[in-house]
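Please explain how this chain is put together, taking the sheet and its strands before the loops and the helices.

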Amino acid sequence: MTEVCVVGTALNPVPTEAAWSGIESLVTYQVKGFVELGVDVTLVSVEGSLWREWDEINLIEVPVSGPDPEQSFFDGYKELIKGYPCVIDHSNGKLARRANKRVIQVSHWLQHPFSMGYRNVVCISKAHARWTRAQYPQRGKGPEVVYNGIDPSVFPFWKKKGEEFLFFSVLGPYKGADTVMELALEYPEFKFGFGGRDTDYTRIVREAAEKHENITCYGEVSHDDKKEIMGRAKALIQLPRKFNPHEMYPFMDIFPMTIIEANLVGTPVIGLGFGGVPEMIEHGRNGFLVQDVHQVRHFMDYVDEISPHDCREYAVERFNHVRMAWDYLKLVERVKTGDWW
């Protein structure tokens, strides 16, 4: 039986009760996928894992304290991972390589520390990989790409749709909340909803919702509420800010998981063709790709032509958790044989 050790983050346990925890959710789906493939999985999590009683995995819980949670997390597990044939490190600190040389390092954003310059880096979209290669050229080798996956059973299918166009992400301008708000103000004949992790911009959304009947602010909601809001939406609108390499902390929406979530509940997506978004939308099947904001209004009239069943089928086919786990398993086998990239 294949054996693998998966390291979560120093911020939240895996799984977590936190409503907005992208990396921890992804690790949860990966571990579930490995179990379904018959892999012997050890999960390293900070204290509080909801899988404490699940006997399908080997669980290592690590207490974290002090001013440097990444180092505290690593100090708690470093002796325990030395003998594993492969370790998949999802942590922000990427320190597992110090304890075990057979490590796959998964990057979940435009991570710029030295860890990205090491071997066996996995990026989560082709756009992400291109950026990484430009930052850290490696003599003909470079990061592998594995698309994230979600357990489809977690997101129930909603066939009946309402009239609301939905923004659901981090409620901030870099994710495009301000751009969608401009659409809501320009087209009062359409209903718009805003939900996601709160930021300073949430106040602006709430104030707009108080003044305009066509705008609803959901703010941060539970997982169950998120599924329902997404399920009855007419469409999700994903308009991230364009990548600017000259910013001190450049942002690129390399693989917005909300697109998969929306498709799984049967909701199409209108997405701006930047970053990893074009890799997630097949124009006319699970949504529409636009090249600028001005095109959004045109496709708002055509989202009813997208089949909710096609949306879910597309997400299940391309972005399910078992497919993700299988793709990682192929990389695990390479690492075990001494191969690297």
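The paragraphs below go through the sheet, the loops that leave its strands, and the packing of some helices.

The model is a predicted one, and a convenient place to enter it is an open sheet of 7 strands, arranged in the order β3-β2-β1-β4-β5-β6-β7 with parallel pairing. At its edges stand β3 (58-62) and β7 (144-145), each of which has a single partner strand, so one side of each is left without a neighbour in the sheet. Strands of a sheet pair through backbone hydrogen bonds, in either a parallel or an antiparallel sense.

Starting from the β3 edge, β2 and β3 run parallel and are joined by 5 bridges, with Val-44 standing opposite Ile-60 in β3. Strand β2, residues 40-46, is mostly covered, since 6 of its 7 residues are buried. On its other side, β2 is joined to β1 by 5 bridges, again in parallel, and here Val-7 stands opposite Val-44 in β2. Val-44 thus appears in both pairings, opposite Ile-60 of β3 and opposite Val-7.

Continuing across the sheet, strand β1 (residues 3-7) pairs with strand β4 (residues 87-89) in the parallel sense over 3 bridges, and Val-6 stands opposite Ile-88 in β4. From β4 the sheet goes on to β5, with parallel pairing over 3 bridges and with Asp-89 opposite Gln-105 in β5. Strand β5 then pairs with strand β6 (residues 121-123), in the parallel sense and over 2 bridges, where Gln-105 stands opposite Val-121 in β6. Within β5 itself (residues 103-106), Val-103 and Gln-105 point one way while Ile-104 and Val-106 point the other way, and all of these are buried.

The loops that follow these strands hold several residues worth a closer look. Thr-9 has its place in the loop between β1 and α1, and, with a relative accessible area of 1%, Thr-9 falls under the 20% limit and is therefore buried. The side chain of Thr-9 reaches the backbone nitrogen of Leu-11 at 3.2 Å, and a polar contact of 2.5 Å joins the side chains of Thr-9 and Glu-24. Leaving aside neighbours within four places in sequence, Thr-9 is in contact with Ile-23, Glu-24, Val-46, Phe-73, His-90 and Ser-91.

Most residues other than glycine have a negative phi, and most peptide bonds are trans. Against that background, the loop between β1 and α1 also holds Pro-15, which is joined to Val-14 by a cis peptide bond with an omega of about -15°. In the loop between β4 and β5 lies Lys-94, a residue other than glycine whose phi is nevertheless positive, near 50°; Lys-94 is buried, with a relative accessible area of 2%. Asn-120, in the loop between β5 and β6, likewise has a positive phi, of about 60°, although it is not a glycine, and Asn-120 is buried at a relative accessible area of 5%.

Turning to the helices, the axes of α1 (residues 22-36) and α10 (residues 321-336) come within 8 Å and cross at roughly 80°, and α1 and α10 are therefore roughly perpendicular to each other. On the α1 side the contact is made by Leu-26, Tyr-29, Gln-30, Lys-32, Gly-33, Phe-34 and Glu-36, and on the α10 side by His-321, Val-322, Met-324, Ala-325, Tyr-328 and Leu-329. By class, this contact of α1 with α10 has 8 nonpolar, 3 polar and 2 charged residues.

In helix α4 (residues 177-186), the residues Ala-177, Thr-179, Val-180, Met-181, Leu-183 and Ala-184 are buried. These buried residues of α4 pack against β8 (164-168), β9 (191-195), α5 (202-211), β10 (215-219), β11 and α8 (296-300).

A last stop is Phe-243, which lies in the loop between β11 (235-238) and α7 (257-264). At 27% relative accessibility, Phe-243 counts as partly exposed. Apart from neighbours within four places in sequence, Phe-243 is in contact with Leu-110, Trp-131, Pro-250, Phe-251 and Met-252, and the C-alpha atoms of Phe-243 and Tyr-174, which are 69 residues apart along the chain, are separated by 9.5 Å.

Conventions. Residues are numbered from 1 along each chain as its sequence is written. This is a predicted model: local features need pLDDT of at least 70, side-chain atom pairs count only at pLDDT 80 or more; totals for chains, interfaces and linings use all residues. Side-chain values use heavy atoms; hydrogens and water are left out. Axes are lines fitted to C-alpha atoms, for helices over the stretch in contact, and angles run from 0 to 180 degrees between N-to-C directions. Helices (H or I, at least four residues) and strands (E, at least two) are DSSP runs, numbered from the N terminus. Angles under 35 degrees count as roughly parallel, over 145 as roughly antiparallel, 65 to 115 as roughly perpendicular and the rest as oblique. Contact means heavy atoms within 4.5 Å. Ala, Val, Leu, Ile, Met, Phe, Trp, Tyr, Cys and Pro count as nonpolar, Asp, Glu, Lys and Arg as charged, and the others, Gly among them, as polar. Two strands pair if DSSP finds at least two bridges between them. Buried means under 20% relative accessible area, exposed over 50%, partly exposed in between (1.4 Å probe, protein chains only). A polar contact is a pair of N or O atoms within 3.5 Å; within protein, one must be able to donate a hydrogen and the other to accept it, and residues adjacent in sequence count only if both atoms are side-chain atoms.
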